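Reader: I'd like to learn how to read a two-chain model step by step. Could you walk me through it?

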Amino acid sequence: MNNIIIKITLETKTRLKRLTSIVSASLLSLFLVAPPAYAEDFWFGGRLKAGTGAYIDRLDDSSRGQGPSQFLLELQAEWSPNNNVTVVGDVWLRGDRFYDLDDGEFRAPAMQNFTSPQSAFLDRFSMSTSSDGTYQLPDPFGASGKENELLDDFDDEILRELSIRFTNDDGSASVKIGKFQRGWGQADGLRLLDILNAQDLRQRTLLADTDEIRIPAWTVAINVDISNDVALELIYIPEVRHSEFVINNPTPNDQSSGGAFGFPFPRLIEGQTGFGMPLLGARLNEKEVEDWKNQEIGLRLKFGAFGGEATLNAFHGYQDLPVVVLTGATLHVGSFINDPAASVANVPLDVPTTIGAIHAPGQYVDFLQSLAGGTAAPGDFPLIPFGCLDILNPAAGGFPCSVTADFDMDFTERQKTVGFSFTRDMSELKFGPKSVSPVLRLEVAHEFDKAFNRQVINDPFIPGLSAKGTPALIGTKADMVTYRDQISTLIGFDYNLWLSAWKNQRSSIFITSQFFNIKTKDHKNLMFQAPYAMLDVEENQQYFTQTYTFGLRNDNVILDGLAVWDLSKDSFAYRQRFTFSALGNKLIPRIEVGIFDGDEEEGLLALYRQSDYVEFSLTYQF
Amino acid sequence: MKIYKLKTFLTNLTLVSLCLIALTIKASDEWIDNWKSFAAETGLPEHAAWVAAIDNAEVRALAKDWADFRGYTASSLLAKETLPAELKPGFIITKENIDSLPWVNDYLPQYWIDRLTSEWTPIKGIRIVPTNHYYMQRARLDATKALEPDHFRINEKGELRDKNGEHGFISEAGLPFINPQNGEELNWLFNAHGVGTDDLYFDTIDMAACNSENNLERIYKANIFWRRMAGRVSAPPLGNVEGFEGITEAGALLIKSPRDVRGLAGVRLRFADADKDDDFKLYIPSLRRTRALTGTNGQDPIAPGLELTWDEWRSNWFKTDRRKFKYTLIKEGIILAGPEVGNVYDPLRISDDACNLSGIVDMELRPTWLYEITDLTETYQYSVKRVHVDKETYYAQYLEMVDRNGDIWRIWDDTRDWEPTTGRFMWRSAIIANVRDERATIITVDSAWDKLDTMTNSIFNIDQLRDRR
């Protein structure tokens, strides 16, 4: 019965999505075809972009393969039949030929290597991110990433905007309905209040342009000017989107690749001994709220204050990033590498059984701890009763075995945030050779009851003991997930820099500096982001960002740099662009370099430590 | 006897007065007749169209009222000068004859002389057209007439104040210092021209960035909106605009192309208080967010590649402050400048490629005041700005901007879209040339007279403007 209900729900959802796509496509076609016939105030434009590049700091230094090779076709149209109505349509088709061109060369970390007890199982296999695995030792793992070669889901990935905006005659009130994105707050790069839209991290992670990284959603936005400098904005989002990312997962029955910008498969570490946890894989399922039945609501009051502009914001929606929740496991009898096809038996384990297999006395964690303590003896390997090979005494015979844990990446947790932002031209402070003032940007967000995975859970079997690290992901949701308030603060300055030594400087160097502090109450033993079990939450997580933009050769070459420091985890990312202009600015060549630095899994930036890249792209716009 | 003499005297006085009035009217109308004969001579349709625009009773009446108030016209001022014999309507200055014109440097800016011989923005010739009589709106005239001669003063900061100590730009709609005695007074008269109308709407303005080979590097198409927020005389809301207290003018820019900056919107509000910097907000489509920019940095180009900086909007828009700048009246003079005939045709004749002038440029003789704005801070991009202010429009006919080495860096010349029947101004074209690096921003404007009544205050609210495409 339950299966039938699930099937009906899924079918309904699929039909609804298909209907949405068909309706959107029809409206868009009508919009693109009908207005040009008679409308003066119609605009049509677009761009075609193609890039090629190299990844220059690979996990396997000897490999030479393709770098980012992203392409994009975008068509945009706008129609303003009168001052009261604006219609916007925007579709784009994106992809990355990297997966096709790399020939399997780009490697990413995979599961702990069960053949390396001498490293305390800390050595890891690697996986190809552009070709499927061979499932043969010594290099069994890989995923082609074909699904990311072309992002072609019409509603989720192609339709970028389809909106209509109505405004009254004096422009003091407006309603915008459709699929679009809307930005809040003052922070760049890191999001405090800019949380209305989720992010697409698949193509260039946080180094993508802000408007290209936001995922548009079907939205209703109502704006009302209450007075000249007080305005209210109400946002209603019936289609809840979460952030899109890919975990490079080598597990054969759930293999996936996001290439260099996939999140790496996490280290699987028993936190008390520091031993790796071999023979474990993961199957990941996205648990989402249902579109159109759940919704997000935002409210923003904008007003003048203290000589600047302030906003008060409130948002009641859903988390863009997941907590991880165990839903069961599969014991593969016959495969060391979690390959169900090579197994003689695939034994499903429910949640209590999985918890028992990991945490119960004499089971997996206990066994690893005895290995670390040097007390493990042949016959202690907990899977022997299932006919599995004793890894301490292979000569005794048996099947190779492994376990794949099933996890929900649970996006159904609520996000409840209030905050304020403030920006002001600090005209009292004038400095530099041209006596220019900086512009202050402030932003504070208070998120209530943000869901975290625990890094340490109570031992389910022995009161007073605990499980730490990856074993903390094996438990019930009640054990694994907790809630904390989090207060995030930004202080930033923008400044037009003129150099006193440069007498004929044509234009200023625009620089921005931002300092972020993210304070989490009772931060201890929380995971920064599951499933990265060893990445903890700081009480005060701090970032600093610096950007500059500058034109050379009469702005025919634009240099812009973006640096991000994770001050708490000591990691770093930098993006440098050289953007050229040719053929009357219709052709835009660009060289882009991205560099990431940090210790393994030490913060968000360090996740991409093997993803340094150089890309050359050409954009033709019309 | 006495009665007889008195009668005779009164009769003669009446006759003389009537003759004088008739002569004045005739003199006032002579510029229209000059245009008629000139248009007949050239046979060019644009000249005939201009004649049609000015040859009507409304124009005659409005021109006369302004002439009566001022006590002069451009023609009457020119009549007092001894002009070269060749310098008359119909004459064309060319590369071939310029060396035989020793007087040319006295009337024609060097930038235009160079255009006749240079490969950079070359022109075939400069045709002298009849001098027009320009004026602003009748309501502005009435508001100016209502003022006492000593109604305004300039305070220690350089602000315009009225007799009550209020900001003169906010409390009064009339023009200050119609007969300026010094550079500061002239500067305020120039400021008071504003954009020559209560509301301005460009739909669209094309701003072309052109290199020294006269090739197009970029072209921006945009809407520009402008609203006088105080002292409004001709379009509702009259007087001062509610909700914009303390603000003299507001400008808004909405870029339509190129695609990568389409939707970029900016709103700038100018406060009367010299110590209060402009409120400047930009909506950046690539962020989908509004950003505050500092009002203290008007020296950057409006967009990459352009020679047009934020301070050069309407030729000169950096804020008056006598603590930072010195305003010096240099001289009165006559200059050859583009006629404000943009309502009918573009006298610059900008070619379709946006970076060339396609043939003969029309110019007329204009009586001007020349004043200099000298930077006292030694930090501004220009050490000096030289502004030739027209004695009828009170707006710039020509500007030179001098860099910190003392060399001319940029020049500004433009053509206004002047509506003769109402006296309202917008724009038709402009050239901002960087003579140092031989680059130019060439501007073509389509002034949307028929859309002015659709403008609302919400255009100057960045959150409303951002969704207006």
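Author: Let's go from whole chains to the interface, then to a helix pair and some single residues. Keep in mind that this is a predicted model.

Reader: Fine. How many helices and strands does chain A have?

Author: Chain A has 7 helices and 28 strands. Chain B, for its part, has 10 helices and 17 strands.

Reader: And what does the radius of gyration say about chain A?

Author: The idea is to set the value beside what a compact globule with that number of residues would have. For the 622 residues of chain A that would be near 25 Å, and chain A has 26 Å, so the two agree. Along the principal axes, its C-alpha atoms fill a box of roughly 80 × 65 × 50 Å.

Reader: What do I get for chain B?

Author: With 469 residues, a compact globule would come out near 23 Å, and chain B has 23 Å, so that agrees too. Its C-alpha trace spans about 90 × 60 × 45 Å along the principal axes.

Reader: What share of the residues is buried in chain A, and what share in chain B?

Author: Buried residues make up 45% of chain A, while 53% of chain B counts as buried. You can also ask how far apart in sequence the contacting residues are. In chain A, take the contacts between residues at least 6 apart: 64% of them join residues at least 24 apart. For chain B, residues 24 or more positions apart account for 62% of the contacts with a separation of 6 or more.

Reader: On to the interface. How many residues of each chain are in contact?

Author: On chain A it's 53 residues, in contact with 42 residues of chain B. Several elements of chain A give two or more residues to that side, among them β1 (42-55), β2 (70-82), β3 (85-96) and α4 (210-213). By class, the side of chain A that touches chain B has 9 nonpolar, 27 polar and 17 charged residues.

Reader: Now helix packing. What describes two packed helices?

Author: The angle between their axes and the distance between those axes. Here, try α3 (57-70) and α7 (138-145) of chain B: they pack at about 20 degrees, with their axes 11 Å apart. An angle under 35 degrees counts as roughly parallel, so α3(B) and α7(B) are roughly parallel to each other. The crossing of α3(B) past α7(B) is left-handed.

Reader: Which residues make the contact?

Author: From α3(B) you have B:Leu62, B:Asp65, B:Trp66 and B:Phe69, and from α7(B) B:Arg138, B:Leu141 and B:Lys145. They divide into 4 nonpolar, no polar and 3 charged.

Reader: Let's zoom in on B:Leu357. Is that residue buried or exposed?

Author: The way to tell is to count other C-beta atoms within 10 Å, and 20 or more means buried. B:Leu357 has 21, so it is buried. You'll find B:Leu357 in the loop between β11 (325-337) and β12 (360-375) of chain B. Its C-alpha atom is 6.8 Å from that of B:Thr121, 236 residues apart along the chain. Leaving aside neighbours within four places in sequence, its contacts include B:Thr121, B:Ile123 and B:Leu348.

Reader: How does the count work out for A:Ala372?

Author: A:Ala372 has 16 C-beta neighbours inside 10 Å, so it counts as partly exposed. A:Ala372 sits in helix α6 (364-373) of chain A. Not counting residues up to four places away, A:Ala372 touches A:Thr273 and A:Phe275.

Reader: What about the backbone: where are there cis peptide bonds?

Author: Look at the omega angle. One cis bond joins A:Ala530 and A:Pro531, with omega about 10 degrees, and A:Pro531 lies in the loop between β23 (509-520) and β24 (540-552) of chain A. Another joins B:Ser257 and B:Pro258, with omega about 15 degrees. B:Pro258 is in the loop between β7 (247-257) and β8 (265-271) of chain B.

Reader: And which residue other than glycine has a positive phi near 45 degrees?

Author: That's A:Asp522, found in the loop between β23 and β24 of chain A. With 13 C-beta neighbours inside 10 Å, A:Asp522 counts as partly exposed. A:Ser435 has a positive phi as well, near 50 degrees, and lies in the loop between β18 and β19 (439-453) of chain A.

Methods. Residues numbered from 1 in each chain as written. Chains lettered and ligands numbered in written order. Predicted model: local features only at pLDDT ≥ 70, side-chain atom pairs only at ≥ 80, totals over all residues. Contact = placed C-beta atoms within 7 Å. Helix = DSSP H or I, 4+ residues; strand = E, 2+ residues; numbered from the N terminus. Nonpolar A, V, L, I, M, F, W, Y, C, P; charged D, E, K, R; others polar. Axes fitted to C-alpha atoms, helices over the stretch in contact; angles between N-to-C directions. Parallel < 35°, antiparallel > 145°, perpendicular 65-115°, else oblique. Left-handed = near helix turned anticlockwise from the far one by under 90°. Rg over C-alpha atoms; globule rule 2.2 N^0.38 Å. Buried ≥ 20, exposed ≤ 12 C-beta atoms within 10 Å, placed from the backbone.
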